[in-house]
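Colleague: Please take a close look at one part of this model, the open sheet and what lies against it. Plain terms would help, with cut-offs.

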Amino acid sequence: MTSSELWTRETADRYDAEEAETSSAAFLGPTLDFLAALAGDGRALEFAIGTGRVGVPLRERGVPVVGIELSEHMAAVLRRKTDADTLPVVIGDMATTVVPGEFSLVYLVYNTITNLLTQDEQVACFRNAARHLAPGGRFVIELGVPPLRFLPPGQLAVPFDVSERHLGFDTFDLVEQVLVSHHLTREDDGRYRRGNSRHRYAWPAELDLMARIAGLEPERRVADWDETPFTQDSVKHVSVWRKPL
């Protein structure tokens, strides 16, 4: 078992409702276009597939998808959407779990590599991706750029969402390279539900070194799924590494 925090039944049951916007066809279109093009005629493996927000519609596009998911509760929500023959899911962690066969694409979206709370585990995740890739296959990660530019001396937190129904801010341990995301979510009765989660943030250059350790080569880095160029002002990146032939 890796250090990833385990999603509970309650969190899994409300996940899709809270992610309705990011699950819409309009929002996911560029993501699915990007991933389907890389998968080509081969199979895709999603690390931390969750409730199938990306994996299910990618499978509906005709890409054979297999998932690895640590939380049985998240996988149970996915299973309500599609059967095991259509989209197999293996319960396990993304750093060490192995599924049969080779894949032309392994992908990890929505900042999920930060759920691995040590550098060693993140390196193991890259190695696990390389283990599953066929020669010439790609590993894709979607990840935010650490917002430390917004953290002046003496400030403890950086807000990332201030809206009518949700307040979100991150606090940072700069030594351990760990952030805690704090959430205050307003329920229908007006009360606020509080939650938090721990993450190990990583810079793009650090990920490139992890990829090199795993035997992968950098191929492309863009600022979003629509392939906007990545610059020093980008708040996130989509990075692609390739397994040599």
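Modeller: F139 stands opposite W241 in β11. The two strands concerned, β5 (residues 133–144) and β11 (residues 236–242), pair in the antiparallel sense over 7 bridges; two strands pair if DSSP finds at least two bridges between them. Strands (E, at least two residues) and helices (H or I, at least four) are DSSP runs, numbered from the N terminus.

This is a predicted model, in which local features need pLDDT of at least 70 and side-chain atom pairs count only at pLDDT 80 or more, while totals for chains, interfaces and linings use all residues. Residues are numbered from 1 along each chain as its sequence is written, and side-chain values use heavy atoms, with hydrogens and water left out.

β5 and β11 belong to an open sheet of 7 strands with mixed pairing, in the order β3-β2-β1-β4-β5-β11-β10. At its edges stand β3 (89–91) and β10 (217–222); each has a single partner strand, so one side of each is left without a neighbour in the sheet. On average, neighbouring strands of this sheet are turned by 20 degrees against each other, direction ignored. Such angles are taken between axes, which are lines fitted to C-alpha atoms (for helices over the stretch in contact), and run from 0 to 180 degrees between N-to-C directions. Strands of a sheet pair through backbone hydrogen bonds, either parallel or antiparallel.

Next to β5 in the order comes β4, and these two pair in the parallel sense over 5 bridges. F103 has L133 in β5 as its bridge partner. On the other side, 3 bridges join β4 to β1 (residues 44–47), and this pair also runs parallel. There the bridge partner of E46 is Y107 in β4. Of the 6 residues of β4, 6 are buried, so this strand is largely enclosed by the rest of the structure. Buried means under 20% relative accessible area, exposed over 50%, and partly exposed in between (1.4 Å probe, protein chains only).

β4, α5 and β5 form a right-handed β-α-β unit: with the strands pointing away from the viewer, the path from the first strand over the helix to the second runs clockwise.

Two helices also lie against strands of the sheet. Helix α2 (residues 25–39) packs on the sheet and touches β4 (103–108), β5, β10 and β11, where contact means heavy atoms within 4.5 Å. The direction of α2 makes about 150 degrees with that of β4. Helix α4 (residues 72–79) lies across β2 (65–69) and β3, and runs at about 165 degrees to β3.
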